[in-house]
Amino acid sequence: MRKWTQTDLALRADVDRNYVSLIELGRNSPSVRLMFGLCDALDIAPSELLKDVERRMRLQAKASLSSVD
């Protein structure tokens with residue numbers, strides 16, 4: 001929504017751009033501390049981020065169940 005690059009977010013959160021990429025690709029999971037830093041950089045509450053993750057995981061699980069039927 002902000003049209004930021006991975007580099008933009010990495011600079012704002014004080015992390016390496018490659019690490020942001022790995023998180024985005026699902027190859028790494030951020031620590032709680034890093035998650036708070038990313039949320040701070042994005043100006044969102046960690047609870048909002050987790051709600052979105054939970055929603056996406058539910059949708060993914062439903063899609064997996066549908067494909068089995």
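# A tour of four helices and the loops between them

Start with the side chains of Gln6 and Glu24, which are joined by a polar contact of 3.2 Å. The model is predicted, and every distance and angle on this tour is computed from it.

**Stop 1: Gln6 and its surroundings**

Keep Gln6 selected; the residue belongs to helix H1. Show what lies around Gln6, leaving out residues up to four places away in sequence: the contacts are Arg17, Val20, Ser21 and Glu24. Val20 will come up again, as a member of the largest nonpolar core.

**Stop 2: the two ends of H2**

Helix H2 spans 17-24. At the start of H2, select Asp16 and Asn18: a side-chain oxygen of Asp16 comes to within 2.9 Å of the backbone nitrogen of Asn18. Then go to the other end, where Gly26, just after H2, has a positive phi of about 80°.

**Stop 3: the loop between H1 and H2**

Select Asp14, which sits in the loop between H1 and H2. What is the sign of phi at Asp14? Phi is positive there, about 60°, although Asp14 is not a glycine. Most residues other than glycine have a negative phi. With a relative accessible area of 72%, Asp14 is exposed.

Val15 is in the loop between H1 and H2 as well. Not counting residues up to four places away in sequence, Val15 touches Ala10, Val20 and Leu34. Add Gly37 to the selection and check the C-alpha separation: Val15 and Gly37 are 22 residues apart in sequence and 9.0 Å apart in space.

**Stop 4: the largest nonpolar core**

Now select Leu9, Ala10, Ala13, Val20, Leu34, Leu38, Ala41 and Leu42, the eight residues of the largest nonpolar core. Helix H1 (6-13) and helix H3 (32-42) each contribute at least two of them. Which helix gives the largest share of this core? H3 does, with four residues.

Two members of the core merit a separate look. Leu38 is in contact with Leu9, Ala13, Ile23 and Pro30, once residues up to four places away in sequence are set aside. Ala41, in helix H3, is buried, its relative accessible area being 14%. The cut-off for buried is under 20%. Beyond four places in sequence, the contacts of Ala41 are Trp4, Leu9, Arg12 and Ala13. Ala41 also gives a link back to the previous stop: Ala41 and Asp14 are 27 residues apart in sequence, with a C-alpha to C-alpha distance of 8.9 Å.

**Stop 5: H1 against H3**

Hide the side chains and draw H1 and H3 as cylinders. The two helices pack at an angle of about 110°, and their axes are 8 Å apart. H1 is therefore roughly perpendicular to H3, since angles of 65 to 115 degrees are classed that way. Bring back the side chains at the contact: Leu9, Arg12 and Ala13 on the H1 side, and Gly37, Leu38, Ala41 and Leu42 on the H3 side. By type, the contact residues are five nonpolar, one polar and one charged.

**Stop 6: the loop between H3 and H4**

Move along the chain to Asp43, in the loop between H3 and helix H4 (46-68). Is Asp43 buried or exposed? Asp43 is exposed, at 68% relative accessibility. Its phi is near 60°, a positive value in a residue other than glycine.

Next, select Phe36, which lies in helix H3, together with Pro46. The two residues are 10 places apart along the chain, and their C-alpha atoms are separated by 6.2 Å. At 46% relative accessibility, Phe36 is partly exposed.

**Stop 7: Leu50 in H4**

The last selection is Leu50, in helix H4. Leu50 counts as partly exposed, at 45% relative accessibility. Add Met35 for a final distance: Leu50 and Met35 are 15 residues apart in sequence, and 9.8 Å separates their C-alpha atoms.

Technical notes:
Residues numbered from 1 in each chain as written. Predicted model: local features only at pLDDT ≥ 70, side-chain atom pairs only at ≥ 80, totals over all residues. Heavy atoms only, no water. Core = buried A, V, L, I, M, F, W, Y, C linked by side-chain atoms within 4.5 Å. Buried < 20%, exposed > 50% of the residue type's maximum accessible area, 1.4 Å probe, protein only. Contact = heavy atoms within 4.5 Å. Axes fitted to C-alpha atoms, helices over the stretch in contact; angles between N-to-C directions. Parallel < 35°, antiparallel > 145°, perpendicular 65-115°, else oblique. Nonpolar A, V, L, I, M, F, W, Y, C, P; charged D, E, K, R; others polar. Polar contact = N/O pair within 3.5 Å; in protein donor to acceptor, adjacent residues only side chain to side chain.
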